[in-house]
Amino acid sequence: MTRELAGQPVIIGAGLAGLIAALTLAPRPVVVVTKAPLGTGAASGWALGGIAAAMLPGDTPTLHAADTIAAGAGLCDPAVVDRITGAAPAAVEALLRLGVPFDRDAEGHLLASLEAAHGRPRVLHIGGDTSGREIMKAVVAAVQATPSITIIEAEAHRLIAGSRVEGVVLSGEGESVTLPTGLVLLATGGLGGLWSHTTNPPGALGQGQALAARLGVPLVDLEFMQFHPTAVDIGADPMPLASEALRGDGAILVDETGRRFMADVPRAELAPRDIVARAVWAELQAGHRVFLDGTQAIGARFPDRFPAVTAVCRVAGIDPVTQPIPIRPAAHYHMGGILTDAQGRTGLDGLWAAGECASTGLHGANRLASNSLLEAVVMGQAAARDMADAECSVPATVAGIAAPPADAAGLDEIRRILSTHVGVLRDGPGLGAAILALGPIVERQTAASGPALMALMIAVAALDRAESRGSHTRTDHPEPIVALACRRSLTAGEAGRRLALLRECGFTA
């Protein structure tokens with residue numbers, strides 16, 4: 001099989017960005033590598049809100065761009081924002097051609113919801129809160145009907161490269177094989193699974209980011225993890241999500257006494273996610289329980305308007321029609337990732353990245369709600385078009401690398417470290433302690449070493465940013481600093497040197 005596929009472009013990851021790229025490359029043959037069966041395991045299918053696009057009367061891409069930049073807390077790249085928000089209507093049209101059944105009114109016009117930090121209703125959805133699932137259903141069906149796309153169910157555990165990409169090492173069913181190729185697109189998704197409380201799938205551990213980092217490829221904005229303020233707190237791992245659209249429909253945040261604690265905050269429950277997450281976290285730290293109460297604003301409409309949230313609640317014995325929903329912040333979306341240009345190119349020839357594993361400059365320090373699926377479509381298309389124009393040279397020989405041994409205990413330790421020291425609130429001593437604790441896990445060369453490398457790089461980036469901005473809040477540096485309003489890149493080598501320096505100076509928390 002690998003001999004037959006040698007030389008074909010390889011896409012690692014089968015979420016929305018990866019599959020859109022595969023479809024865009026058609027009819028050129030392409031290989032898609034996925035750890036889970038097609039249509040499962042990707043965070044794209046878990047998205048409840050929908051896709052942001054200025055499609056309704058009274059809205060424009062310019063307004064969408066302005067809201068994106070305002071939410072990004074000074075770190076968005078304006079040119080990238082303009083390009084992606086400007087491409088949003090065409091991205092929606094592309095999904096419509098694939099059969100995505102966006103919700104419409106009785107006259108057939110597209111419906112859109114208002115979500116946090118948006119100035120207009122512009123989040124297109126399907127079935128109220130089943131948007132990601134329905135989008136992925138249509139995209140997967142299109143992929144399965146495209147003969148030029150080969151799906152391989154395996155894990156990519158190493159990239160092979162010299163001055164450029166030369167191959168991908170895959171492992172599955174107890175064996176490792178090497179697939180020679182000069183063109184690779186990383187579309188592996190995020191890394192929220194590195195925290196104990198997360199809305200991400202279990203496999204969201206920064207696989208693609210670690211593959212790139214090990215080759216010296218720069219990553220950027222790693223300190224910016226968005227904690228969704230309203231994950232449903234029922235003891236599940238991963239945590240189900242209470243969609244932002246609930247607050248758009250009027251649901252409010254209250255404590256156990258019914259006190260609405262965000263009433264005096266600008267935009268109240270529809271403030272940017274970082275503000276809402278910090279407010280919820282403060283209530284929890286003060287000993288309160290926090291709930292999302294839609295009993296008055298939504299009430300009997302819950303089952304029809306939000307079927308996914310209703311089902312989750314009822315399994316846990318909660319009726320959202322008459323009872324408030326217990327919530328807490330959870331790691332949800334990583335604004336940082338592999339540094340790319342407008343075509344998804346990375347710092348290594350033959351390597352592209354798209355979707356959540358990449359960082360284009362669209363999201364800045366705090367992602368605007370429902371811009372993630374938009375970026376996945378636009379950048380999946382852009383990377384594929386760029387790859388289509390590239391030559392795919394095949395090296396004569398490519399050495400294989402054995403898969404590392406499993407290390408479940410190591411992953412548990414990573415989640416504990418990040419949740420303790422690199423959560424909604426951070427400080428210098430805690431970040432230093434996290435770096436020192438993660439170092440040995442990186443160095444023992446097990447299956448936890450890649451996730452540990454990403455966790456280490458995140459902690460180093462968070463320590464280096466001695467200010468509070470967007471989703472990154474330092475209690476020892478509580479204000480933003482104008483001179484630090486810039487994106488910062490980091491390599492694995494630089495993170496390793498920071499670890500060594502802390503060890504040498506005898507740092508203790």
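A cavity, as the term is used here, is a set of grid points where a 1.4 Å probe fits but cannot get out, and its lining residues have an atom within 4 Å of a point. The structure described below is a predicted model.

## Enclosed cavities

A search of the whole structure finds two cavities of 30 Å³ or more. The second largest is lined by Ala71, Ala116, Ala117, Glu244, Pro272, Arg273, Asn366, Arg367, Leu368 and Ala369. This lining divides into six nonpolar residues, one polar residue and three charged residues. The largest cavity is bordered by Phe227, Asp274, Ala277, Arg278, Val424, Ser471 and Thr473. Helix α9 (residues 273-285) supplies three residues, the largest share of the lining of the largest cavity. The volumes and the classes of lining residue are set out in the table.

| Cavity | Volume | Lining by class |
|---|---|---|
| Largest cavity | about 40 Å³ | three nonpolar, two polar and two charged residues |
| Second largest cavity | about 40 Å³ | six nonpolar, one polar and three charged residues |

## The second largest pocket

Turning from cavities to pockets, the second largest pocket holds about 550 Å³ of space. Its lining comprises 30 residues, and those closest to the centre of the pocket are Glu155, Pro404, Ala447, Ala448 and Pro451. Four elements each contribute at least two residues to this lining, namely β7 (155-161), α7 (207-213), α13 (408-421) and α15 (449-464). Strand β7 gives the most, with four residues. By class, the lining of the second largest pocket consists of 16 nonpolar, nine polar and five charged residues.

## Helix packing

Two packed helices are described by the angle between their axes and the distance between the axes. Helix α15, which contributes to the lining of the second largest pocket, also packs with helix α14 (residues 428-443): the two axes come within 9 Å and cross at roughly 155°. Angles over 145 degrees count as roughly antiparallel, and α14 is therefore roughly antiparallel to α15. The crossing in which α14 passes α15 is left-handed.

A second pair is formed by helix α3 (residues 61-71) and helix α4 (residues 78-86), whose axes lie 9 Å apart at an angle of about 135°. The helices α3 and α4 are therefore oblique to each other. Here the crossing, in which α3 passes α4, is right-handed.

## Two open sheets

One open sheet is built from three strands in the order β3-β5-β4, with antiparallel pairing. Strands β3 (51-52) and β4 (112-113) occupy the edges, and each has a single partner strand, so one side of each is left without a neighbour in the sheet. Strand β4 is joined to strand β5 (residues 123-124) by two bridges, and these two strands run antiparallel. Within that pairing, alanine 112 stands opposite leucine 124 in β5.

Another open sheet contains four strands in the order β18-β16-β11-β19, and its pairing is mixed. Its edges are taken by β18 (358-359) and β19 (489-490); each of these has a single partner strand, so one side of each lacks a neighbour in the sheet. Strand β16 (residues 337-339) and β18 run parallel and are joined by two bridges. Leucine 339 has serine 359 in β18 as its bridge partner.

## Backbone features in loops

Two cis peptide bonds may be described together with one residue of positive phi. Alanine 26 and proline 27 are joined by a cis peptide bond with omega of about 10°. Proline 27 is placed in the loop between α2 (16-25) and β2 (30-34). The peptide bond from aspartate 237 to proline 238 is also cis, with omega near 5°. Proline 238 occurs in the loop between β12 (225-232) and α8 (244-248).

Arginine 267 is not a glycine, yet has a positive phi of about 70°. Arginine 267 belongs to the loop between β13 (252-255) and α9, the helix that supplies the largest share of the lining of the largest cavity.

Terms used:
Residues numbered from 1 in each chain as written. Predicted model: local features only at pLDDT ≥ 70, side-chain atom pairs only at ≥ 80, totals over all residues. Heavy atoms only, no water. Pairing = 2+ DSSP bridges. 1 Å grid on protein atoms, 1.4 Å probe; cavity = no way out; pocket = protein on both sides within 12 Å on 5 of 7 lines; lining within 4 Å. Points joined across faces, edges and corners; volume = space filled by probe spheres on them. Nonpolar A, V, L, I, M, F, W, Y, C, P; charged D, E, K, R; others polar. Axes fitted to C-alpha atoms, helices over the stretch in contact; angles between N-to-C directions. Parallel < 35°, antiparallel > 145°, perpendicular 65-115°, else oblique. Left-handed = near helix turned anticlockwise from the far one by under 90°.
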